[in-house]
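This briefing is meant to be read alongside the sequence and the 3D view. It takes up strand pairing and then metal coordination.

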Amino acid sequence: VVGKAPRGMIAYKFPPEEATTIVEDITVQVGRTGALTPVAVLKPVLVAGSTISRATLHNEDEIKRKDIRIGDTVVVRKAGDVIPEVASVLKDMRTGREKQFKMPKKCPVCGGPVIRPAGEAIARCINKNCFAQNFRRYQHFISKPAFDIAGVGPKILAKFIDEGLIKDPADLFTLKEGDIAPLERFAEKSARNIVESIQSHKKVSLGRFIYALGIRNVGEETAYDIAEFISNRLRRKE
Ligand SMILES: [Zn+2]
């Protein structure tokens, strides 16, 4: 298309709290009240001294108002302690392959129905146990007999889920300081300590791993029995 050649990034000048990056995906996180919040998954970019890889999009209307699409080149802003957000879209960088976001009709956590009452900006999962169920799954994963990640307390864990930093327990291992740093005023430990605590417990025994999966009716003892069974089988095959 004539005139659609992307302009050089150098043409855009921003104060240090802003940078341009790509929206690689838009995911949805479910908070404590069942509120579904869209979150932009960004190509990691340095903003105000820390690497940002996610930004809140607040709600569906906000996405529509700013016309943010998956694949867009955007300006992200991070001012002070505030969670990073998408300030604007560089629409002349569009290639035509960008995808529009749609709020899921079913809760991505529990599969329950999602309702957005007329006149309200926030869509919600109406399953009252949604967050609690989800929270317990994470707590189980990091508990002492599982991955034993003591550095992530209940408050920090709830914050991670609320802010959409983790959508699956294994996401804990991909968290970077830049993801956590904006939340630091809520956390009692520094972002670095948290990341170190998680990374130092990345490797566990097979028994712990099986237990951590949280399979129904598989407690600690059964998990270790299964692990032993698998190990024996592998040994016999050698
Ligand atoms: Zn739900």
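**Strand pairing and the zinc site**

In this predicted model, β4 and strand β5 (residues 85-89) are paired in the antiparallel sense, with four bridges between them. The points below first follow β4 and its partners, and then turn to the zinc ion.

**Strand β4 and its partners**

- Within the pairing of β4 with β5, V76 has V86 of β5 as its bridge partner.
- Strand β1 (residues 18-30) also runs antiparallel to β4, and five bridges join these two strands.
- In the pairing of β1 with β4, T21 is the residue that stands opposite V74 of β4.
- Strand β4 (residues 73-77) is largely enclosed by the rest of the structure, because four of its five residues are buried, that is, under 20% relative accessible area.

**The zinc ion**

- The zinc ion is coordinated through the SG atoms of C107, C110, C125 and C130, at distances of 2.2 to 2.3 Å.
- The arrangement around the zinc ion is tetrahedral, because the four donor atoms subtend angles of 99 to 115 degrees, and the criterion asks that all angles lie between 85 and 135 degrees.
- For reference, the ideal angle for four tetrahedral donors at a metal is 109.5 degrees.
- Along the sequence, the donor residues of the zinc ion follow the spacing C-x2-C-x14-C-x4-C.
- Among these donors, C107 lies in the loop between β5 and β6 (114-115) and C125 in strand β7 (residues 123-125), so that the pair, 18 residues apart, links distant parts of the chain.
- Both C107 and C125 are buried.

Notes. Residues are numbered from 1 along each chain as its sequence is written. This is a predicted model: local features need pLDDT of at least 70, side-chain atom pairs count only at pLDDT 80 or more; totals for chains, interfaces and linings use all residues. Side-chain values use heavy atoms; hydrogens and water are left out. Buried means under 20% relative accessible area, exposed over 50%, partly exposed in between (1.4 Å probe, protein chains only). Two strands pair if DSSP finds at least two bridges between them. Donors are N, O and S atoms within 2.8 Å of the metal (3.2 Å for Na, K and Ca); water is not among the atoms, so sites may look incomplete. Four donors count as tetrahedral if all angles lie between 85 and 135 degrees; four count as square planar and six as octahedral if opposite donors are over 155 degrees apart and all others between 65 and 115; anything else is irregular.
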